[in-house]
Amino acid sequence: MSDQPLPRSVRIGYALGSVATGSFATVPGLLLLPYLTDTLGIAAAVAGAIVLLPKALDVVLNPVAGRISDRYRSALGPRRPFLLRGGLSLAACFAVLFAGPDLDSQLVDAAWVLLAFVGCATAYAFFQVPYIAMPAEITDDYRERTSLMSWRVAVLTVAILISGGSSPAIRDAIGGRDGYRVMGLVVALLLTIGTVGAYYGTRRAPVGRPGEATGTLREQLRVVAQAANFRWLLLTLMLQALAIGSMLAGIDYLARYVLRDPGGASIAFICVVGPALVVSPVWLAVGNRFGKKAGFQAASAVLALGALALLPAEHVPAWCVYLATGVVGIGFTGVQVFPLAMLPDVAAVDAARSGVRRAGVFTGIWTAGETLGLALGPGLYALVLAAGGYVSSTGRDAVQPDSAVTAIVAGMSVVPVALTVASFFTLQRYRLTADEVLEAR
């Protein structure tokens, strides 16, 4: 491991993995709940459970995946082999997810989606955990990690734009279950591109080994849980992932039942993600000038402000709604950049002080928390819909009561605002500074 600047080829190669992480983190959160409620006709509360349960499994799987990659021995390094295996398995499972047979049975449909999504979640754990653990081991430099994350977020933004923007369009252009099937194949191709790109793109990356991973998984988890900075950063991430997951789940419903424009889902999604192409360098400059924690706090404030601006969505023109989602997008970019740059600092300081490599365990718990938050978001949104009396249907938009429309908006505004405000209190408890990171090198 070195504190020298990483080659540009490694930065780009590492960032390509975000094509896979961005696509999988986005498309199920955006379309799986509407697929279940408005194409398969499954009740909102049941659909929310189907979306939640496979991702909740990752709470157990991710730390195990991290531990396994910590202990793995290979000439390719401890992480890279898992990228290829996990990523290609994820692509295959995702293609199956929306390809269920049309047997006119809600039980079969629900079981198919649940089992396929369990396969996706399992494969994703063994791709994502080693992938996110890599930065702590390929550079010692505090700012270099922020730069590496800015490259990753730039590619992540493009991946989210392509996958999230095109998926509803592909679905709507073809229509019905066939539209979802074709969309699933297209996203599976994106997952494959990201996997292969990350695997081959990081072949020249330096690999540091700060020490051997020792002790049982339970012992490692206990030590990691006692790391106060990690604990508060993780709680912040989970609260914000829950908020973002709820907002993503609501975009399709907002377009169809509030804006009365099914095509508005793609527009609103692009408004959320598009600003990242411009503001990523701005957030990077903010982090370098004022520190990562201060930048994270500022980005969280912008995210909350944008969500609050969605509250009057039922009573304002569509352009006002799109403007509010654009503000959400500015904050969303920042809350992606900073925690990903702060996690390697926590793991590296722990490794330097203890002499034990626990980056995989840190990352496993981290991704478990993020995944759980993103999964709980659509589940929480589904509960809000159910409380509002949302009417599920098969193949066409049902007439919704006023209470359901109000719930659609509340799930994208009131709920995310409350969660983001709560995250300020947990982030305030994070104490690790740049000087401490530098001292631990």
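A residue is taken as buried when its relative accessible area is under 20%, and Tyr14, at 0% relative accessibility, therefore counts as buried. The structure described here is a predicted model, and the burial of this tyrosine serves as an entry point to the aromatic contacts and helix packing set out below.

Tyr14 takes part in one of the 14 aromatic pairs that the structure holds. The centres of the rings of Tyr14 and Tyr131 are 4.4 Å apart and their planes stand at 15 degrees, so the pair is stacked, the limit for stacking being an angle of under 30 degrees. The two partners come from distant parts of the chain, since Tyr14 belongs to helix H1 whereas Tyr131 belongs to helix H4 (residues 106-133), and 117 residues separate them. Tyr131, like its partner, has a relative accessibility of 0%, and so counts as buried. A further pair involves Tyr131 and Phe127, whose ring centres lie 5.6 Å apart with planes at 20 degrees, so that this pair too is stacked. In contrast to the link between H1 and H4, the pairing of Phe127 with Tyr131 is made inside helix H4, where the two residues are four positions apart, about one turn of the helix. Both Phe127 and Tyr131 are buried.

Beyond these pairs, ring contacts join Phe24, Tyr35, Phe94, Phe98, Phe117, Tyr124 and Tyr180 into a cluster. Aromatic rings also face charged side chains: Arg85 lies over the face of Phe82, at 6.0 Å from the ring centre, and the charged end of Arg289 sits over the ring of Phe290, 5.0 Å from the centre of that ring.

Helix H1, which carries Tyr14, also packs against helix H7. The axes of H1 (residues 8-38) and H7 (residues 176-201) come within 7 Å and cross at roughly 160 degrees, which makes H1 roughly antiparallel to H7, as angles over 145 degrees fall in that class. The crossing in which H1 passes H7 is left-handed. Of the residues that form the contact of H1 with H7, 15 are nonpolar, eight are polar and one is charged.

A second helix contact is formed by H9 and helix H15 (residues 402-410), which pack at an angle of about 140 degrees with their axes 9 Å apart. H9 and H15 are therefore oblique to each other, and the passage of H9 across H15 is again described as a left-handed crossing. Within H15 lies Val405, which is buried, with a relative accessible area of 9%. Val405 is 151 residues from Leu254 in sequence, yet the C-alpha atoms of Val405 and Leu254 are 8.3 Å apart in space.

Two other residue pairs relate separation along the chain to distance in space. Ser300, in helix H12 (residues 292-309), counts as buried at 1% relative accessibility, and stands 28 residues from Val328 in sequence, with a C-alpha to C-alpha distance of 9.6 Å. Ala285, in helix H11 (residues 276-290), is partly exposed, with a relative accessible area of 42%. The separation of Ala285 from Gly295 is 10 residues in sequence and 9.1 Å between C-alpha atoms.

The backbone has a positive phi at two non-glycine residues placed in loops, namely Asp104 and Arg260. Asp104, with a phi of about 55 degrees, is located in the loop between helix H3 (80-97) and H4, and is exposed, with a relative accessible area of 75%. Arg260, with a phi of about 60 degrees, occupies the loop between helix H9 (228-258) and helix H10 (264-273), and at 60% relative accessibility it likewise counts as exposed, the threshold for that class being over 50%.

Terms used: Residues numbered from 1 in each chain as written. Predicted model: local features only at pLDDT ≥ 70, side-chain atom pairs only at ≥ 80, totals over all residues. Heavy atoms only, no water. Axes fitted to C-alpha atoms, helices over the stretch in contact; angles between N-to-C directions. Parallel < 35°, antiparallel > 145°, perpendicular 65-115°, else oblique. Left-handed = near helix turned anticlockwise from the far one by under 90°. Nonpolar A, V, L, I, M, F, W, Y, C, P; charged D, E, K, R; others polar. Phe/Tyr/Trp six-rings, centres within 6.5 Å; stacked < 30°, edge-to-face > 60°. Buried < 20%, exposed > 50% of the residue type's maximum accessible area, 1.4 Å probe, protein only. Lys NZ or Arg CZ within 6 Å of the ring centre and 35° of its normal.
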